[in-house]
Amino acid sequence: MTNPRIGVYVCHCGTNIAGKVKVTDVVEHAKKQPNVVLAKEYKFMCSEPGQAMIVEDIKKEKLDRIIVAACSPLMHEKTFRKALEKAGINKYLFQMANIREHCSWVHEDGAAATEKAKALVTGAIYRAQYVEALNDREAPMNPATLIVGGGIAGIQAALDIADSGRQVYLVEKEPSIGGHMAQFDKTFPTLDCAACILTPKMVSIGQHPNITLLSYSEVEKIDGYVGNFKVGVRMKARYVDPKKCNGCGDCWQKCPAWRVEKPKGDKKVVHNALTLGPTKAIYMPTLQSVPNVPVIDKKSCIYFKNGKCKICVKACQKDAINHEMTDVVMDIDVGNIIVTTGFKTFDVSKMPQYGYGKLPNVISSIEFERMNCSSGATGGQVLCQNGEAPKSIAILHCIGSRDKEHHEYCSRVCCMYALKFAHLVKEKTGAQVYDFYIDMRAAGKGYEEFYNRLLEEGVRFIRGKAASVTDYAVFPEEEGKLIVRCEDTLVGKVRRIPVDMVVLCSALEANADAPEFARLLKLCQGKEGWFTEKHPKLAPVSTASDGIYIAGCCQGPKDIPDTVAQASAAAAQVLTAIAKGKVQIEGVGAEIIEEKCTGCKICNDMCPYKAIEFDAVKHKSKVNDALCKACGTCVAACPCGAIKAKHFTDEQIMHEIEGVLYDAKL
Amino acid sequence: MKEQKGIQREGRLTLDFIDEMKQIPGGEQIALCIQCGTCSGSCPTSHLMTHTPRRLIAMTRAGMRKEVLESPDIWLCTSCYYCYVRCPRGIKVTDLMYAYKRLSARDKFGIQKRGYKLGKIFMSVVNKYGRNNELELLAKFFGFANPIGGIKNTFIGLGLFLKGRLPLKTHKIKDLGGFKKIVNKAEELARLP
């Protein structure tokens, strides 16, 4: 074997590297290393001329190993690999030394940083002597897509993909799609009716020939890899056959059992039941449900308690109700997955100073949304528990948001929905509205204008987070009222404000089952529980797992326009992947050396991607290249050292270490 | 009850004060304020104020009618119009200050204030000559409203006098009657209900 011919290029990255590391010293050092034919420095290696320089040198000097000492391979490995391909040599003969993120950016002492840069470059040079040419592999791309979560994000993404003629499976865990948006009455800042803009999309989902809607279902397992996922979906028994049911409503009108009871006695309105009902044991989530099929709540149904009743079965003329129905697990094959599992609202009872759950007429924002919704229990009227309209109402921002005890982040939508609430209350009741805010965050198209409108409408904005809500009256005007205590920071006074109703604008938070779901899909979660995107700015809908995308509030709190935009972006990414038709799989991966394999099968169970099969005839294990993610688990596990990690062989790694420690005094 | 002292009671507020202000010429745009503080930051006399212009607007919104109209700060406005031209919401803050002053004068909140007295004396001097006479204005103001201040400022006054800035004699303008008609008309237009 002839000696390799190595070219080393050290990048200044403007002053990012050169400001700390003495690049010239590094170049001089590299020149002295074995098999290094040339070493050069340049201001920006990633620029067009920088790449052209590499291509030219490869041709002129017959280089067959290239090392660039610059930024992280995550940034530019692809760029330089392309340059190698352009020059006609295998892209895996490229090696990157990270002297920016790992060196110049993190060290203060320039001289020491220069020494470290030398060590890193030497490591790369030693390693480069042993790298081998590898070939990429291809796998087919399944054009079907799975979308998990049927809120506005899932609906938008499903329609975008289905309209292009590709198959979409939309999985929703609730009996109807629509998510949170379907519970709202109006949407800020334009105040258009949520149902009016959402239901046409919901109906399109139900009717679309390319969309298979799996409502009341949950994803149970996911195997495979980008282009070829195998997904198990559990379709929960809803006890009503969707094929026979025509949604007439006879069943729930006759049903004698309540799932969420109607208010009784003095209580005309039960605020904390607003999100759920009142509904019978067999119920339709909303009047505009898609699919338009009711579901039986097993907990409240009389038949499931004592085996008698079946009044609904008698009432149903279509013979659609079947109490013996069981869960069905369905296997589907898809190429890509979009996760749009949304959010849940913060449990405001965690902040006892506001009296939620103890004081009447202290309600959470989602309950207030339901009360405002014309299809809700109060028919869109804003009412206190005694059935009367409030004369004054306090809206408290940032409940659970911007609070180290709960969620440090800003939930982004609360200011705007609080303004919407204030407007709706003014419009419906003419009540005095007090709005307690820390900062008014109205960053969005038309949002500041909406705030101005509310200022003119005469809402009393008080800058200062409300500290507590109590019913303990100190002054005569406070008798029988809820008293909000706060500092009006703009006036510089502590105030006690008596009101009839308090609305707590709860934070948005990650779903309770998000960790479980993240494990299932191998997604990453941030500190606050939201799913993490691949890059916060430049890859906002991709994830660390190829072929899995995220959109909407499961990635972080956002409003409807941003959610829809992100959903369409995720759909576009999926369509791009589908249009390519094939999945490129890197040449890096595990390879079993048959002569050494004893067939002990230890690796078979170790592999987290189920990429290793056992060939019973040969009594040897075998790696499925398409499934292998090059994690290296099997390499470490094999007791015989029979598995080789291509591009990360023992030889390569040991020599790299030797290079990094080139000046170590033993 | 002692611990609750100093707390702003909602029952002691005049909740419709902001609506009252909206009715007064100059006060119409008060609801548009976003409390950025440009007015107070620009104001050359805000460092002398207990309540800056921004806070006066906040207090108006809260309904603290008495506190606002009693405040000597509304009389400290020198009508430099910095706030007026700089306000990002286009609120005519100087006009708003005049609205406060008029309301304060009408409801007799301000008659004990020097600012109010200075204004009254200024108008009496101007009505007399059709223009200002600085010596007469200062003599009357310090004489009636602020004798101690007059003594404190004797040397400044002397300096001004020696430079000829405090004339002993002032000529009346031509057609003083016509001028008075203008002033009366203006007063009639700005009169509050």
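Helices, taken as DSSP runs of at least four residues, and strands, taken as runs of at least two, are numbered from the N terminus. In these terms, chain B of the predicted model reads β-α-α-α-α-α-α-α-α-α-α-α along its sequence. The secondary structure of this chain thus comprises one strand and 11 helices. The C-alpha trace of chain B extends over about 60 × 40 × 30 Å along its principal axes. Of its 193 residues, 29% are classed as buried. Among contacts in chain B with a separation of 6 or more, 62% join residues 24 or more positions apart.

Chain A contains 18 helices and 34 strands. Its C-alpha trace spans about 95 × 70 × 45 Å along the principal axes. Buried residues account for 46% of the 666 residues in chain A. For contacts with a separation of 6 or more in this chain, the share from residues 24 or more positions apart is 72%.

The domain assignment divides chain A into domain 1 (6-136), domain 2 (148-236 + 331-342 + 515-555), domain 3 (237-326), domain 4 (344-509) and domain 5 (589-646). Between domain 2 of chain A and domain 3 of chain A, the C-alpha centres are 27 Å apart. Their contact involves 15 residues from domain 2 of chain A and nine residues from domain 3 of chain A. On the domain 2 side, helix H7 (residues 194-207) of chain A supplies the largest share, with six residues. By class, the side of domain 2 of chain A that touches domain 3 of chain A consists of nine nonpolar, four polar and two charged residues.

A further local feature of chain A is a strand pair. Strand S32 (residues 612-615) of chain A pairs with S33(A) in the antiparallel sense, over four bridges. Within this pair, Asp615(A) is placed opposite Lys620(A) in S33(A). The two strands, S32(A) and S33(A), form a hairpin with four residues between them. In the turn, His619(A) has a positive phi of about 60°.

In a regular strand, side chains alternate between the two faces of the sheet. Such alternation is found along strand S33 (residues 620-623) of chain A. Ser621(A) and Val623(A) point to one face and are buried, whereas Lys620(A) and Lys622(A) point to the other face and are not buried. Lys620(A), which stands opposite Asp615(A), therefore belongs to the face whose listed residues are not buried, the cut-off for burial being 20 or more other C-beta atoms within 10 Å.

Technical notes. Residues are numbered from 1 along each chain as its sequence is written. Chains are lettered from A and ligands numbered from 1 in the order in which they are written. This is a predicted model: local features need pLDDT of at least 70, side-chain atom pairs count only at pLDDT 80 or more; totals for chains, interfaces and linings use all residues. A residue is buried if 20 or more other C-beta atoms lie within 10 Å of its own, exposed if 12 or fewer, and partly exposed in between; C-beta atoms are placed from the backbone. Two residues are in contact if their C-beta atoms, placed from the backbone, lie within 7 Å. Domain bounds come from an automatic or database domain assignment. Ala, Val, Leu, Ile, Met, Phe, Trp, Tyr, Cys and Pro count as nonpolar, Asp, Glu, Lys and Arg as charged, and the others, Gly among them, as polar. Two strands pair if DSSP finds at least two bridges between them.
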